[in-house]
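Visitor: Could you pick one part of this model and take me through it up close? I'd like to know what surrounds it, too.

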Amino acid sequence: METKNYMGQNQKILNKWQKAFEMNGGDSNKFCWDGIMFKGKLEQEKGTNNWARNESEDHIENQLWFEAKPRILFLTKEQNIKDGDAWDLRIESYRNSDKELDVKYKFNRMLVYILYGLANTTSDITVKFDDITNKDALKLADEHPFARINCNKEGGEDSCPNTRLSDAMHIYGTYLLEQINNLDADVFVCCGSTYSGYHIDKKNLSLDFLNHNGYDFKYAGDKFNDIYYDKEKNKLAIDSFHISYPFKKDEYLYNQCVQTYYQFLQVHPNFLKLLRKQRVR
C-alpha cells in the first residue's frame, strides 16, 4: 500500500489558499508556500550566495514524514520579507555562503537546535543546549523530517502584530486547518506566545486556533510548564515564544521547548510508544 501523498495534498491546499488570497486583493508575490521541508539536492541559487534544497525527485519526503516518530511541526507567524517577495520556505537549508549554519539570524540557529533536541529526546535521554554543535544540528535538519507552517501566508516585516495574525487566521482559517490536518503532526511547536508570567495569562494564537478547531489541548501542569496535551489524540503542543525572540537567551528558548518536553516524557513514556500504533497509510 502506498504512503499518503502529504506533499501533493499540501500543494493543492496552498494553491486554493493562494487563489483566495489573490481574489481578496493580495499580491501573489507576497504569498509564502510552506509545509514539509524538502530533502532533495542542495544547490546554490543562481545569482545569490543562498544554498537551497530542492524537492527530492522520488518524493522521499512523504515516506520520511510517514515514518517520523514524532512528527514535528513548527507553527510560526509569517515570513519576514521586508520590501522583497516571498519564497517557498521549504527550500531553506539554514546555510550561509560557506555552507555552514547561518547564525547571523537567530531564527535559523534556534530552529535547528530545537529540532535536534526534540528529535533526540525520549523518556530516558535528552540533549543539553551546550552539548549541541552547529555542525550536528545542521546535519540533523538535513536528514530528519520536519515541517513548518506560517499561519499567515502573506509576508511581512520584522514583527507580526497579533491583530494582523488574528485577522489572517480568521479569513483563511479553513485552509490553515486543512493544511495542519493533512500533515497530522504529533508535536506542535506553537511559536509566538505572550504572557505575563503565569500560564493562565498566556496568549498563543496558533495554540488557540488548534483548540478551536478539533483539538483539545489541556495544560499539562506547572511541572511541565509550556506543555499542552491532547490525551485523546495523543498529541502535544509547546507554547513557545517566537524562536527569534530577542529578549530571551538562546538556552532559555531551547529549554522552553526541549527540556519541558523531556520532563513530560519522563512521566508519560507511552506518548512516543503509541505513535507508531496510530499510524495508518
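Guide: Let's settle one word before looking: "buried" means under 20% relative accessible area, "exposed" means over 50%, and "partly exposed" is in between, using a 1.4 Å probe and protein chains only. This is a predicted model, so local features need pLDDT of at least 70 and side-chain atom pairs count only at pLDDT 80 or more, while totals for chains, interfaces and linings use all residues. Residues are numbered from 1 along each chain as its sequence is written, and side-chain values use heavy atoms, with hydrogens and water left out.

The part I'd pick is helix 3, residues 106-119. Helices (H or I, at least four residues) and strands (E, at least two) are DSSP runs, numbered from the N terminus. Eleven of the 14 residues in helix 3 are buried, which leaves the helix mostly covered. Scan along it and you'll find Phe 107 and Asn 108 buried, then the run from Met 110 through Leu 111, Val 112, Tyr 113, Ile 114, Leu 115, Tyr 116 and Gly 117 to Leu 118. The length works out as well: at 1.5 Å a residue helix 3 should span 20 Å, and its end C-alpha atoms are 20 Å apart, so the two agree. (The expected span is 1.5 Å times one less than the number of residues.)

What covers it? With contact meaning heavy atoms within 4.5 Å, the buried residues of helix 3 pack against two helices, helix 4 (134-143) and helix 7 (250-267), and four strands: strand 4 (72-76), strand 5 (147-150), strand 6 (187-191) and strand 9 (235-240).

Those strands belong to an open sheet of seven, in the order 1-5-4-6-9-8-7 and with mixed pairing. At its edges stand strand 1 (35-36) and strand 7 (218-219), each with a single partner strand, so one side of each has no neighbour in the sheet. Two strands count as paired if DSSP finds at least two bridges between them.

Now follow the pairings. Strand 1 meets strand 5 antiparallel, over two bridges, and Gly 35 has Arg 148 of strand 5 as its bridge partner. Strand 5 then runs parallel to strand 4, with four bridges between them; here Leu 73 stands opposite Ala 147. Strand 4 is also parallel to strand 6, again over four bridges, and Phe 74 is partnered by Val 189.

Strand 5 deserves a pause. In a regular strand the side chains alternate between the two faces of the sheet. Here both faces are covered: Ala 147 and Ile 149 are buried on one side, and Arg 148 and Asn 150 are buried on the other.

Helix 7, one of the neighbours of helix 3, lies across strand 6, strand 8 (227-230) and strand 9, at about 145° to strand 9. (Axes are lines fitted to C-alpha atoms, for helices over the stretch in contact, and angles run from 0 to 180 degrees between N-to-C directions.)

A few backbone details sit in the loops around this sheet. Going from helix 2 (60-67) to strand 4, the loop contains Pro 70, and the peptide bond into it from Lys 69 is cis, with omega near 5°. In the loop between strand 7 and strand 8 you'll find Asp 226. Its phi is near 80°, a positive value in a residue other than glycine, and Asp 226 is buried, with a relative accessible area of 3%.

Finally, the rings. The structure holds 19 aromatic pairs. In one of them, Tyr 215 and Phe 217 have ring centres 5.7 Å apart and planes at 10°, so they are stacked. (Rings of Phe, Tyr and Trp, taking its six-membered ring, pair if their centres lie within 6.5 Å; planes under 30 degrees apart are stacked, over 60 edge-to-face, and the rest tilted.) Tyr 215 is buried at 8% relative accessible area, and Phe 217 is buried at 4%. Tyr 245 and Phe 247 make an edge-to-face pair instead, 5.6 Å centre to centre with 75° between the planes. Back at Tyr 215, the charged end of Lys 233 sits over the ring, 5.6 Å from its centre. (That calls for NZ of Lys or CZ of Arg within 6 Å of the ring centre and within 35 degrees of the ring normal.)
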